[in-house]
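This briefing takes up a sheet, the helices that lie across it and one acidic side chain. Please look over the sequence and the model before reading on.

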Amino acid sequence: MKALLLLLVLTVLANAPFGGCADSSSCSHPPSKWCSSLDSAVQCGVLKHCLESNFTKLHHEKADRVEVALYYESLCPGCRMSLTQILYPTWVLLSDIMSLTLVPYGNAQEKPDGQKFNYECQHGEQECLGNMIETCLLNMTDAAYQIIYCMESSSDVIKAAQSCAQLHSPGLSWDSVTSCVKGDVGNQLMHQNALKTGALQPPHQYVPWVTINGEHTEELQEKALNSLFTLVCSMYKGPKIPACGAGGMHYRSYSHIE
């Protein structure tokens, strides 16, 4: 389907006027509407210009997004509150200007065992299981954030996992998630989380640990956990969006859990 669409676009481009100049004889749209649809772009001879303009705009907007990353543990009380009451709600409201990265690992310890790795987690084996389930979900479905939010909002993170997955990603086979969790794929994905967490500069000292555009300072951490909404709006360098125009939303700050 994508190949067919690309072929269609290339064909139209090949037949479009060179240089993207408007054909006033066939164009019935004002200049402000030339890029409003494929038909108008073709009719007015500016398809190439519109495609390039939209690509540049999308690339620029994506590049300008404020990158927020949360390094956390699945059963850490402070992590759960930060994720469910601050980071996820802010991302839902500001997803146009904010990217969110979740790294479930935190204070876990990794130990090599042949070609695999064993893990010990701060809050026991159940936390290691929760970290692994969430890691696999992040690699398997676009609805991972919604599922993880559902899990972390529940009274029992582990027991809620399957029902949360069925609710937010009904086409996802839970057997495939289980295979990831118990198999080599999940083990290697968790190893990548360990490497990412271990590479933090400065090294993380507690969880939740927040980075903004790859940077962590105590000042940024405090601002993120007090009012991430305001912080993201203030740091975004692109055109202000309506959500940011009315001022930031303030959230209660939660102390970190060692």
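Which side chain of opposite charge is nearest to E127, and how many Å away is it? This is a predicted model, in which local features need pLDDT of at least 70, side-chain atom pairs count only at pLDDT 80 or more, and totals for chains, interfaces and linings use all residues. Residues are numbered from 1 along each chain as its sequence is written, and side-chain values use heavy atoms, with hydrogens and water left out.

**The acidic residue**
- The nearest side chain of opposite charge to E127 is R80, 8.7 Å away, where Lys and Arg count as positive and Asp and Glu as negative, with His and the chain ends not counted.
- E127 is buried (under 20% relative accessible area, 1.4 Å probe, protein chains only), yet E127 has no salt bridge (a side-chain nitrogen of Lys or Arg within 4 Å of a carboxyl oxygen of Asp or Glu).
- E127 belongs to helix α5 and, leaving aside neighbours within four places in sequence, is in contact (heavy atoms within 4.5 Å) with E73, S74, L75, C76, C121 and Q122.

**The sheet**
- An open sheet with mixed pairing is formed by 3 strands in the order β2-β1-β5, strands being DSSP runs of E with at least two residues, and pairing requiring at least two DSSP bridges.
- β2 (98–104) and β5 (209–212) are the edge strands, each pairing on one side only.
- Strand β1 (residues 66–72) runs parallel to β2 and is joined to β2 by 7 bridges, with E67 standing opposite S99 in β2.

**The helices across it**
- Helix α5 (residues 125–140; helices are DSSP runs of H or I with at least four residues) lies across β1 and β2, running at about 140° to β2 (axes are lines fitted to C-alpha atoms, for helices over the stretch in contact, with angles from 0 to 180 degrees between N-to-C directions).
- Helix α9 (residues 184–198) also lies across β1 and β2, running at about 110° to β2.

Methods
Buried means under 20% relative accessible area, exposed over 50%, partly exposed in between (1.4 Å probe, protein chains only).
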